[in-house]
Amino acid sequence: MAERRLDATAKKITRVPPKRRASAVATHRAPVAIEYAGGFDPRLLLTKLHTGRSSRDYQRNESVFSQGDAADAVFYIETGKIKLTVVSKRGKEAVVAILPEASFFGEGSLAGQPLRMSTASVVQRSTLIRVEKAAMLDLLHHDKEFAERFLAYLLSRNIRMEADLVDHLFNSSEKRLARLLLLLANFGQESKPIPLIAKMSQETLAEMIGTTRSRVSYFLNRFRGLGFIDYDGDGMHVHSSLISVVLHD
């Protein structure tokens, strides 16, 4: 793994080869979404950009960018889901977030971040809008409504990440898994619950909640036996009754 310097700070960041895997587990970050009120749709505004914008379809497991790449653009998820991961110098990988449709990512470039601090890969087939850093900054400077909504999105995601940290520190792995599944299905959020969430490997779920794959398998079987979840060929049904696991002391 090659190391690159972060400008004058002389800090180092690990460049990560695509699809590099390791057995590590780490603090999870649950999916975050935000409802845009008053008919505001950032997708429509982004498509009006005449320069500095492009749209592309990505297949499952395809890499959008890798840890250590130049941070020169912001991405918006028009459809699909994106996974953000980080890898240590010793090769241990951790899932930072699973971002759903209508999420932004890569915004660190707007704050002067020269290199990507994580790897973004596609969880399920996705359509992404890529906005170059200069075009995004110009949009934020000249469109007050978009700037306000974008800031609200970032603050909402920061609040959720703080809640995730508290969850990781104080709750059992069983409760963390139950909470994660409820969030993946949009329970407790402004948007309507998703009847069926896409397939996700037990290894990924384990990395997100900081436990082992065998424990995730045990809990999923238990949830299924209690009628909290069930499966079909395309994914998992999560029932609202699963919240009893989160609320149980």
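**Helix H4 and its neighbours**

Okay, let's start right at a crossing: helix H4 passes helix H6 in a right-handed way. Before I go on, keep in mind that this is a predicted model.

So, H4 and H6. H6 covers residues 213-225, and the two axes come within 10 Å and cross at roughly 65°. Who is touching whom? From H4 we have Ser173, Glu174, Leu177, Ala178 and Leu181, and they meet Val216, Phe219, Leu220, Arg222 and Phe223 of H6. If you sort the residues of that contact by class, you get seven nonpolar, one polar and two charged.

Now stay on H4 and look at another partner, helix H5, residues 202-209. Here the axes are 10 Å apart and the packing angle is about 110°. That makes H4 and H5 roughly perpendicular. The crossing of this pair is right-handed. On the H4 side the residues are Ser173, Arg176, Leu177, Leu180 and Leu184, and on the H5 side they are Leu205, Met208 and Ile209. The class split for this contact is six nonpolar, one polar and one charged. Ser173 and Leu177 may sound familiar: they are in the H4 list for H5, and they are in the H4 list for H6 too.

Next up is H3. Helix H3 runs over residues 144-170 and H4 over residues 173-184; their axes come within 10 Å and cross at roughly 155°. Which way do they run relative to each other, parallel or antiparallel? With an angle over 145 degrees counting as roughly antiparallel, H3 and H4 are therefore roughly antiparallel. H3 passes H4 in a right-handed crossing. On H3, the contact uses Arg160, Ala163, Asp164, Asp167 and His168, while H4 brings Arg176, Arg179 and Leu183. By class, that contact holds two nonpolar, one polar and five charged residues. And Arg176, which we just saw here against H3, was also on the list facing H5.

Let's leave the helices and go to the strands, where I want to show you some rings. The count of aromatic pairs comes to ten. Take one of them, Phe75 with Phe105: the ring centres are 5.2 Å apart and the planes sit at 15°, so this pair is stacked. Phe75 is in strand S5, residues 73-87, and Phe105 is in strand S7, residues 104-105, so the pair ties together parts that are 30 residues apart in sequence.

Two backbone spots while we're in this area. Asn61 has a phi near 75°, which is positive in a residue that isn't glycine. You'll find Asn61 in the loop between strand S3, 53-58, and S4. Ala102 also has a positive phi, near 75°, and Ala102 isn't glycine either. Where is Ala102? In the loop between strand S6, 93-99, and S7.

Last thing: how far does the predictor trust all this? The average pLDDT for the protein is 79, and 81% of the residues score at least 70. Among the elements, strand S4, residues 63-65, has the highest mean, 97, and strand S1, residues 3-6, has the lowest, 40. Over residues 1-14 the pLDDT is below 50, and that stretch has 39 contacts in the model beyond near neighbours in sequence. Residues 16-39 stay under 50 as well, and the model has 81 contacts for them beyond four places in sequence.

That's my tour; if you open the model, try starting from H4.

Notes
Residues are numbered from 1 along each chain as its sequence is written. This is a predicted model: local features need pLDDT of at least 70, side-chain atom pairs count only at pLDDT 80 or more; totals for chains, interfaces and linings use all residues. Side-chain values use heavy atoms; hydrogens and water are left out. pLDDT is the predictor's confidence in each residue, from 0 to 100. Helices (H or I, at least four residues) and strands (E, at least two) are DSSP runs, numbered from the N terminus. Contact means heavy atoms within 4.5 Å. Axes are lines fitted to C-alpha atoms, for helices over the stretch in contact, and angles run from 0 to 180 degrees between N-to-C directions. Angles under 35 degrees count as roughly parallel, over 145 as roughly antiparallel, 65 to 115 as roughly perpendicular and the rest as oblique. A crossing is left-handed if the near helix is turned anticlockwise from the far one by less than a right angle, and right-handed if clockwise. Ala, Val, Leu, Ile, Met, Phe, Trp, Tyr, Cys and Pro count as nonpolar, Asp, Glu, Lys and Arg as charged, and the others, Gly among them, as polar. Rings of Phe, Tyr and Trp (its six-membered ring) pair if their centres lie within 6.5 Å; planes under 30 degrees apart count as stacked, over 60 as edge-to-face and the rest as tilted.
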